[in-house]
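Could you take me on a short walk through this structure, telling me what to select next and what I will find there? I have the viewer open and am new to this one.

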Amino acid sequence: MINEMTIKCFLSLSETLSFTQTAKELFLTQQAVSKQIATLESSLGFPLFVRTKHFVVLTDMGEVYKEFFTLGEKRWHELKEQCSSSYREKSSTIKIGFVDSTDYKNMANVGITQLLAKFPTIDIQIIKGSPMDLADKLEKGLVDIIVTYNRYAYHAKTYKSAYIQDLTFCLVTSDSNPATRGAVSWTDCARCTLMFDTSEFETRTECLKRAKHTTGYLGLNPEEIIIVDDFAEGMRNVMAGKGVIICTDITYVPEGAGLRRFPTEKNDTLVCIWRVEHETEAILHFANSLSGAYDKFGSDK
């Protein structure tokens with residue numbers, strides 16, 4: 001089996017042309033050097049050196065492999081330095097994505113405070129977006145880690161996740177909505193017109209399909225589903241009394257707007273998601289610090 005030591009022995013011997021000198025340079029015995037060279041030659045199927053009692057010289061194929069392994073070793077060191085430099089650069093910055101409709105400020109403060117305590121010089125960038133937008137940014141490497149709902153999370157082997165908190169699906173309606181004015185629970189809103197926000201990464205048909213899947217899961221039967229551009233637009237329509245919107249118990253709902261939030265009987269999970277290949281100590285530390293952040297400190301109301 002050819003390994004790093006095998007190549008080191010070959011390159012050293014190709015320069016010293018002495019088993020004794022190579023053994024000294026690599027702090028090995030002569031027998032160990034001989035065994036490494038024999039293993040290499042056996043793997044290749046032809047000799048790389050001519051050995052006599054008085055001298056050692058490279059064969060023609062030995063010269064070819066000397067050039068090959070020399071270039072390979074140089075490239076290996078260059079690649080190692082490039083990767084190390086890239087890792088250091090990535091480790092000095094962390095881009096964190098939060099769902100823009102969630103009430104995430106306390107959780108973010110907890111995670112960032114603990115992150116800065118361990119990595120005081122790290123540059124932290126907060127990026128907000130819809131769950132689907134954040135998932136797309138994570139896939140493209142535009143963010144390092146996202147805090148999102150489990151139903152939007154990637155579960156492939158190339159991603160890792162960390163549990164944060166269980167959530168409850170809710171329906172939000174307004175006092176100005178005549179269809180839900182006397183509502184006392186989510187079931188009283190189950191047939192009301194529903195605002196459902198889309199993403200730039202899906203067609204209207206795909207969004208409507210996702211809406212129907214969600215309403216079916218929650219046990220809703222809205223008389224109409226209105227597709228809106230984003231959650232903010234949907235919330236404005238709700239405040240105007242035009243329907244209801246689906247959220248969770250950590251979704252930001254404006255105070256003093258006559259809005260009411262009714263918990264349903266269905267749950268979701270808040271999770272951190274990041275790509276395995278982009279994992280750094282900072283990403284792991286931030287993910288671990290978020291677990292239970294809401295339970296300990298509560299969300300902003």
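Start by selecting threonine 251 and show its side chain: in this predicted model, that side chain reaches the backbone nitrogen of threonine 248 at 2.9 Å. Zoom out a little and you will see that threonine 251 lies in the loop between β9 (244-248) and β10 (259-275). Is threonine 251 buried or exposed? With a relative accessibility of 2%, threonine 251 counts as buried, because the cut-off for buried is under 20%. To see what surrounds threonine 251, add Ser101, Thr102, Asp103, Tyr149, Phe231 and Arg261 to your selection; threonine 251 touches each of them, leaving aside residues up to four places away in sequence.

Next, select residues 194-197 and 225-228, which are strands β7 and β8. The two strands pair in the parallel sense, over four bridges. For one of these matches, pick phenylalanine 196 and look across to β8, where isoleucine 227 is its bridge partner. Now add residues 204-218, helix α7: together, β7, α7 and β8 make a right-handed β-α-β unit.

Now move to helix α2, residues 19-26. Which residues of α2 are buried? They are Phe19, Thr22 and Ala23. These residues cover an arc of only 100° around the axis, so they sit on the same side of α2. To see what covers the buried residues of α2, show the elements around them, including α1 (4-16), α3 (30-44), β1 (49-51) and β2 (56-58). Before leaving, click on phenylalanine 27, which follows α2 and has a positive phi, near 55°.

The last stop is about aromatic rings. How many aromatic pairs does a search of the whole structure find? It finds seven. Select phenylalanine 46 and tyrosine 65 to view one aromatic pair, a tilted one with 5.9 Å centre to centre and 50° between the planes. This pair links distant parts of the chain, 19 residues apart: phenylalanine 46 is in the loop between α3 and β1, while tyrosine 65 belongs to helix α4 (residues 60-91). Phenylalanine 46 has a relative accessible area of 26%, so it is partly exposed. To finish, select Phe10, Phe46, Phe49, Tyr65, Phe68 and Phe69 together, and you will have the cluster that ring pairs link.

Methods
Residues are numbered from 1 along each chain as its sequence is written. This is a predicted model: local features need pLDDT of at least 70, side-chain atom pairs count only at pLDDT 80 or more; totals for chains, interfaces and linings use all residues. Side-chain values use heavy atoms; hydrogens and water are left out. Two strands pair if DSSP finds at least two bridges between them. A crossover is right-handed if, with the strands pointing away from the viewer, the path from the first strand over the helix to the second runs clockwise. Buried means under 20% relative accessible area, exposed over 50%, partly exposed in between (1.4 Å probe, protein chains only). A polar contact is a pair of N or O atoms within 3.5 Å; within protein, one must be able to donate a hydrogen and the other to accept it, and residues adjacent in sequence count only if both atoms are side-chain atoms. Contact means heavy atoms within 4.5 Å. The arc is that of the directions from the helix axis to the C-beta atoms. Rings of Phe, Tyr and Trp (its six-membered ring) pair if their centres lie within 6.5 Å; planes under 30 degrees apart count as stacked, over 60 as edge-to-face and the rest as tilted.
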